[in-house]
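Here are a few exercises to work through with the model open in your viewer. Try each task before you read its solution.

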Amino acid sequence: MADQLEQHITEAKNKPQKPKLFGKLEFGNDTQEAFNAFEAEHKLAEMEREIRHEFLYGAFCNLEGGFGGMDGYRKFLEMRRKIRADRIRMKQEQEMMQKKFWDDMILYGGTAAVVVVGSLMLWWMIDFIFRFAK
């Protein structure tokens with residue numbers, strides 16, 4: 001839930017992007033978008049306060065093995081940062097793999113097209129020579 005809210009906030013803040021070349025520009029209600037972003041940010045801050053409270057004074061405060069109290073909260077934050085970093089890394093790797101796939105498709109497709117066209121031209125020249133050489 002917190003990741004969804006954070007993603008919504010990030011999307012709302014990063015909404016202005018380059019317009020598409022031929023796409024129709026559509027905009028929603030400015031006030032509603034600002035209110036939605038503000039509300040999501042407020043909910044996320046409230047959730048953060050509740051999580052911190054649970055680690056310091058609530059159900060997680062007496063966990064053994066260094067998982068309760070402030071140490072547990074710090075471990076929780078570190079785990080969340082690691083998960084987020086892993087997700088970002090995975091997205092970047094996927095984007096790089098997709099870009100490489102399309103680049104390779106264009107390269108090999110173009111090479112195949114050049115080979116086919118070259119072969120056809122060679123065939124036509126040989127055929128032309130044999131037809132008119134008699």
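Buried means under 20% relative accessible area, exposed over 50%, and partly exposed in between (1.4 Å probe, protein chains only). Helices (H or I, at least four residues) and strands (E, at least two) are DSSP runs, numbered from the N terminus. Heads-up: this is a predicted model, where local features need pLDDT of at least 70, side-chain atom pairs count only at pLDDT 80 or more, and totals for chains, interfaces and linings use all residues. Residues are numbered from 1 along each chain as its sequence is written, and side-chain values use heavy atoms, with hydrogens and water left out.

**Exercise 1.** Work out the order of elements along the chain.

*Solution.* Start with the tally: three helices and zero strands. Reading from the N terminus, that gives α-α-α.

**Exercise 2.** Find the buried residues of H2 and H3.

*Solution.* Begin with H2, where Ala37, Ala40, Leu44, Glu48, Phe55 and Leu56 are buried. Next, H3 buries Gly69, Gly72, Tyr73, Leu77 and Arg80. Then ask what covers those H3 residues: helix H2 (30–56) is part of the cover, going by contacts (heavy atoms within 4.5 Å). Finally, zoom out: buried residues make up 11% of the 134 in the chain.

**Exercise 3.** Compare the span of H3 with the expected one.

*Solution.* The expected span is 1.5 Å times one less than the number of residues. H3 has 64 residues and runs 94 Å from first C-alpha to last, close to the expected 94 Å. Do likewise for H2: 27 residues and 39 Å, close to the expected 39 Å.

**Exercise 4.** Track down salt bridges within H3.

*Solution.* A salt bridge puts a side-chain nitrogen of Lys or Arg within 4 Å of a carboxyl oxygen of Asp or Glu; the structure holds eleven.

- Step one: Asp71 pairs with Arg74 at 3.7 Å, N to O, and the two sit three residues apart in H3.
- Step two: Arg81 meets Glu78 at 3.0 Å, again three residues apart.
- Step three: Asp104 and Lys100 come to 2.7 Å, four residues apart.
- Step four: shared partners join Lys82, Asp86, Arg89 and Glu93 into one network.

Why do such spacings work? An α-helix has 3.6 residues a turn, so residues three or four places apart point the same way.

**Exercise 5.** Is Leu122 buried, partly exposed or exposed?

*Solution.* Leu122 is found in H3. Its relative accessibility is 49%, so Leu122 counts as partly exposed.
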